Amino acid sequence: MNIVFLGPPGAGKGTHAQRLMKELGIPQISTGDMFRRAIREQTPTGLDAKRYIDKGELVPDEVVVAMVKERLAEPDCQHGYILDGFPRTVAQAEALDQIAHIDVALNIDTPDDIIIDRLSGRRVCAECGGTYHTSLLKEDKCPACGGAVYQRDDDKPETVTNRLAVYQEKTAPLIDYYQKKGILSTADCRGTIEENYRAVKAALEAKKQ
């Protein structure tokens with residue numbers, strides 16, 4: 001099953017995709033993770049992308065599409081995959097249609113006020129990459145490995161506001177795009193992580209029927 005996850009930044013796409021990946025035995029393809037790795041390794045693509053990501057803007061389509069095309073050609077994608085963070089524009093969705101067949105576009109619907117609270121309180125471990133919310137941290141250390149945690153530039157309140165504005169302008173139209181194609185399914189994700197994951201599973205099951 002080839003799945004696209006839609007939803008604003010901080011909606012939980014990555015969290016649910018990782019769990020679903022294990023259940024279905026298919027890879028999660030996160031363009032955000034791929035770009036962060038490139039930035040960390042200071043590749044030319046990573047350095048170019050960093051200029052946009054740090055301001056909460058979208059990376060140019062041609063860079064993202066080429067990267068995704070290469071990834072989908074790898075052997076582990078032949079029996080299905082979860083695209084997390086791509087496509088982000090209708091133009092990207094149209095480009096994706098030229099290189100892949102998508103079975104379900106799952107819209108993770110989450111209100112802006114919940115998004116802002118989640119992202120502005122998110123902290124990432126510099127050592128193992130674990131992600132936590134300040135409400136669950138007793139100190140500025142990773143509960144898993146003891147490494148220092150930090151706030152990503154794109155999680156700072158002023159950048160979050162801009163990211164949501166960009167989402168509404170560029171990415172939200174994808175909901176209508178996939179609705180017209182007849183493959184959209186929506187999960188109401190304003191509850192706990194477990195409640196939201198059950199909603200995601202139910203939305204996928206509804207589309208299988």
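Q: Where is Pro-87 found, and how do you know that the peptide bond from Phe-86 to Pro-87 is cis?
A: Pro-87 is found in the loop between β3 and α5, in a scheme where helices (H or I, at least four residues) and strands (E, at least two) are DSSP runs numbered from the N terminus. The bond from Phe-86 to Pro-87 has an omega near 0°, and is cis. As a background, most peptide bonds are trans.

Q: What kind of model is this, and which residues count towards its features?
A: This is a predicted model, in which local features need pLDDT of at least 70 and side-chain atom pairs count only at pLDDT 80 or more, whereas totals for chains, interfaces and linings use all residues. Residues are numbered from 1 along each chain as its sequence is written, and side-chain values use heavy atoms, with hydrogens and water left out.

Q: Why is Gln-92 called buried?
A: Gln-92, which has its place in helix α5, has a relative accessibility of 3%, and buried means under 20% relative accessible area, with exposed over 50% and partly exposed in between (1.4 Å probe, protein chains only). Gln-92 therefore counts as buried. Leaving out residues up to four places away in sequence, Gln-92 touches Val-59, Asp-61, Val-64, Phe-86 and Pro-87, where contact means heavy atoms within 4.5 Å.

Q: How do you know whether Ala-105 is buried or exposed?
A: Ala-105 lies in strand β4 (residues 104-109), and its relative accessible area of 0% falls under the cut-off for buried, so Ala-105 is buried. Not counting residues up to four places away in sequence, Ala-105 touches Val-4, Leu-6, Tyr-178, Ile-183, Leu-184 and Ser-185.

Q: What makes His-16 count as buried?
A: His-16 sits in helix α1 (residues 13-24), and at 3% relative accessibility it meets the cut-off and counts as buried. Beyond residues up to four places away in sequence, His-16 touches Phe-5, Ile-108, Ile-193, Asn-196, Tyr-197 and Val-200. The C-alpha atoms of His-16 and Ile-193 are separated by 8.5 Å, although the two residues are 177 residues apart along the chain.

Q: Why is Lys-208 placed in a class other than buried?
A: Lys-208, found in helix α9 (residues 193-208), has a relative accessible area of 48%, a value between the two cut-offs, and therefore is partly exposed. From C-alpha to C-alpha, Lys-208 and Asp-103 are 9.1 Å apart in space and 105 residues apart in sequence.

Q: What makes a group of residues here a nonpolar core, and which members touch the most others?
A: A nonpolar core is a set of buried Ala, Val, Leu, Ile, Met, Phe, Trp, Tyr and Cys residues joined through side-chain atoms within 4.5 Å. The largest such core has 28 residues, of which Leu-72, Tyr-81, Leu-83, Leu-96 and Tyr-178 touch the most other members. The elements that each supply at least two of its residues include β1 (2-6), α2 (31-40), α4 (61-72) and α5 (90-99), and the largest share, five residues, comes from α4. Apart from this core lies another, of 20 residues, including Ile-26 and Val-160.

Q: Why are α2 and α4 called roughly perpendicular?
A: The axes of α2 and α4 come within 11 Å and cross at roughly 105°, where axes are lines fitted to C-alpha atoms, for helices over the stretch in contact, and angles run from 0 to 180 degrees between N-to-C directions. Angles under 35 degrees count as roughly parallel, over 145 as roughly antiparallel, 65 to 115 as roughly perpendicular and the rest as oblique. The two helices are therefore roughly perpendicular to each other.

Q: How do you know how α4 and α5 are oriented?
A: Their axes come within 11 Å and cross at roughly 30°, an angle below the first of those limits, so α4 and α5 are roughly parallel to each other. The contact joins Asp-61, Val-64, Val-65, Lys-69 and Leu-72 of α4 to Ala-91, Gln-92, Ala-95, Leu-96 and Ile-99 of α5.

Q: What makes α6 oblique to α7?
A: Helix α6 (residues 112-120) and helix α7 (residues 157-171) pack at an angle of about 140°, with their axes 10 Å apart. That angle lies in none of the three named ranges, which makes α6 oblique to α7. In this packing, Asp-112, Ile-115, Ile-116, Leu-119 and Ser-120 of α6 meet Pro-157, Val-160, Arg-163 and Leu-164 of α7.
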